[in-house]
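Let's work through a few exercises on one predicted model. Try each task yourself before you read its solution.

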Amino acid sequence: MTKNENELKLTLSDLYNDNVVYNSRPSYVSNPWLKPEEHQSNFLTGREMLIADSMPMIVHEASITDKLVQLFALVGKKVPTHTYQFKNRETYEALLNRIVHEEGKAIYFQYIHSDDVVPDDCYAVQKETFVALNNKARIPEWTNHKFLPEREIVSINDFKARIKEWAFPFVIKPGDDLPTAGGYGVMICYDEADLAKATQRILEASDATDNLIIEQKIEAVKNYCVQFAYSEDIGVTYLGTAHQITDKYGFYAGNENVHNVPQQIIDAGREIMENGVKIGFFGVAGFDLLLDKNDDVFAIDLNFRQNGSTSMLLLQEELNSTYQKFYSYFSNGDNEHFFNTILKYVKQGVLYPLSYYDGDWFGKNKVNSRFGCIWRGESKESIEKIEQSFLADLEK
């Protein structure tokens with residue numbers, strides 16, 4: 001079927017068959033390296049609505065209220081009707097089991113769930129494959145042992161002895177199958193104070209973690225998230241590259257679009273994607289690749305799943321702007337003012353809505369609302385000025 005000019009070149013329903021349901025929510029059962037707040041996890045369920053096309057999605061009811069209808073209407077979009085909705089942990093877990101057992105469908109998970117929540121054979125991508133590809137300790141296998149910082153995998157019991165052999169700065173990561181996200185499982189240590197904090201976190205995780213990774217801290221010139229998609233129909237397809245916005249400790253704070261991506265970044269990403277496909281992966285993946293001052297590429301994290309900036313890359317042509325920035329905002333307690341401020345900037349054409357978690361679904365100002373969006377304009381400088389006005393308006 002030929003897509004018309006208002007349709008995306010690629011959507012999630014191009015990648016998965018009709019028997020697959022998309023689920024971006026982490027499990028309610030947390031682990032020591034991924035303890036997302038409940039409302040943040042619910043908020044994540046709305047992020048990919050505009051790129052899903054006809055693919056059914058699991059979405060929290062607060063992420064699909066009339067507020068989202070209003071925002072989408074301003075950019076000529078409609079809220080998808082092919083959603084499975086839940087209210088809380090009980091209805092979420094019951095929904096997963098209804099999809100799997102009663103409807104006989106598979107689920108494309110962003111994050112693994114334990115087998116007491118859903119059976120291992122319900123994953124669209126085989127669970128064993130999905131876990132292996134997202135295990136940080138196994139990154140060398142998927143990079144063909146290239147693009148690697150100096151690193152060492154150690155038993156958690158040997159950690160204190162081995163870390164003495166490393167000079168600051170260095171990075172510590174979990175080296176097992178437990179999922180992480182947004183930098184929560186990454187501990188960058190610049191000094192003894194940072195190491196003391198990391199050691200305490202490791203102690204708290206000792207019952208769930210056997211191995212840790214100690215890794216050289218790369219002094220990066222650029223931090224890229226290079227993304228690819230794969231299905232049998234389209235083969236390995238380059239989606240684009242975003243610049244990662246992180247703080248000095250590696251915590252994720254959004255993405256910007258980037259022009260003139262170095263070819264060695266794209267080539268490295270393609271090689272990694274092809275290795276994942278060889279063992280059974282399909283769908284969207286994004287790889288965090290650093291470029292240092294010598295133009296050397298380093299792979300610091302491989303996310304064989306959708307990434308925060310995936311929507312921004314797939315919406316590039318529709319956004320029709322030189323500069324784009326993917327970001328999220330939280331209300332400071334006045335949800336009505338938060339929403340009205342967002343409306344103002346969406347109407348100006350500089351703010352493109354992706355998702356809205358309506359805190360008032362729980363009762364007036366009982367939960368802070370959240371908004372996922374893309375800033376768009378002719379330059380980074382112009383958008384930064386507009387964003388400062390937006391933030392000032394939020395505080396009024």
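**Exercise 1. Which residue stands opposite F170 in β7? Place this pair in its sheet.**

Step 1. F170 faces C189 in β7. Before going on, note that residues are numbered from 1 along each chain as its sequence is written. Because the model is predicted, local features need pLDDT of at least 70 and side-chain atom pairs count only at pLDDT 80 or more, while totals for chains, interfaces and linings use all residues, and side-chain values rest on heavy atoms, without hydrogens and water.

Step 2. Strand β6 (residues 170–174) and β7 run antiparallel and are joined by 3 bridges. Strands are DSSP runs of E with at least two residues, helices are runs of H or I with at least four, and both are numbered from the N terminus. Two strands pair if DSSP finds at least two bridges between them.

Step 3. Widen the view: an open sheet of 4 strands has the order β5-β8-β6-β7, with antiparallel pairing. Its edge strands, β5 (151–155) and β7 (187–189), each pair on one side only. On average, neighbouring strands of this sheet are turned by 25° against each other, direction ignored. Axes are lines fitted to C-alpha atoms, for helices over the stretch in contact, and angles run from 0 to 180 degrees between N-to-C directions.

Step 4. Now add helix α8 (residues 192–204), which packs on the sheet and touches β6, β7 and β8 (211–216). The direction of α8 makes about 150° with that of β7. Contact here means heavy atoms within 4.5 Å.

**Exercise 2. Why is the pair of Y108 and F282 edge-to-face? Describe the surroundings of Y108 too.**

Step 1. Start with the rule: rings of Phe, Tyr and Trp (its six-membered ring) pair if their centres lie within 6.5 Å, with planes under 30 degrees apart stacked, over 60 edge-to-face and the rest tilted. The count by this rule is 21 aromatic pairs.

Step 2. For Y108 and F282 the ring centres are 6.0 Å apart and the planes stand at 65°, so the pair is edge-to-face.

Step 3. Y108 belongs to strand β4 (residues 106–109) and F282 to the loop between α9 (263–278) and β12 (283–292), so the pair ties together parts 174 residues apart in sequence.

Step 4. Y108 is buried, at 2% relative accessible area, whereas F282 is partly exposed, at 21%. Buried means under 20%, exposed over 50%, and partly exposed in between (1.4 Å probe, protein chains only).

Step 5. Y108 is also among the residues with the most contacts inside the largest nonpolar core, which has 97 residues. Such a core is a set of buried Ala, Val, Leu, Ile, Met, Phe, Trp, Tyr and Cys residues joined through side-chain atoms within 4.5 Å. Another core, of 14 residues, lies apart from it and includes I156 and I214.

**Exercise 3. Which residues form one aromatic cluster with Y329 and F390?**

Step 1. Y327, Y345 and W375 join Y329 and F390 in one aromatic cluster.

Step 2. Y329 is buried at 6% relative accessibility, and F390 is buried at 0%.

**Exercise 4. Over which ring does the charged end of K248 sit?**

Step 1. A charge sits over a ring if NZ of Lys or CZ of Arg is within 6 Å of the ring centre and within 35 degrees of the ring normal.

Step 2. The charged end of K248 sits over the ring of Y190, 4.5 Å from its centre. R25 offers another case, with its charged end over the ring of Y92 at 5.6 Å from the centre.
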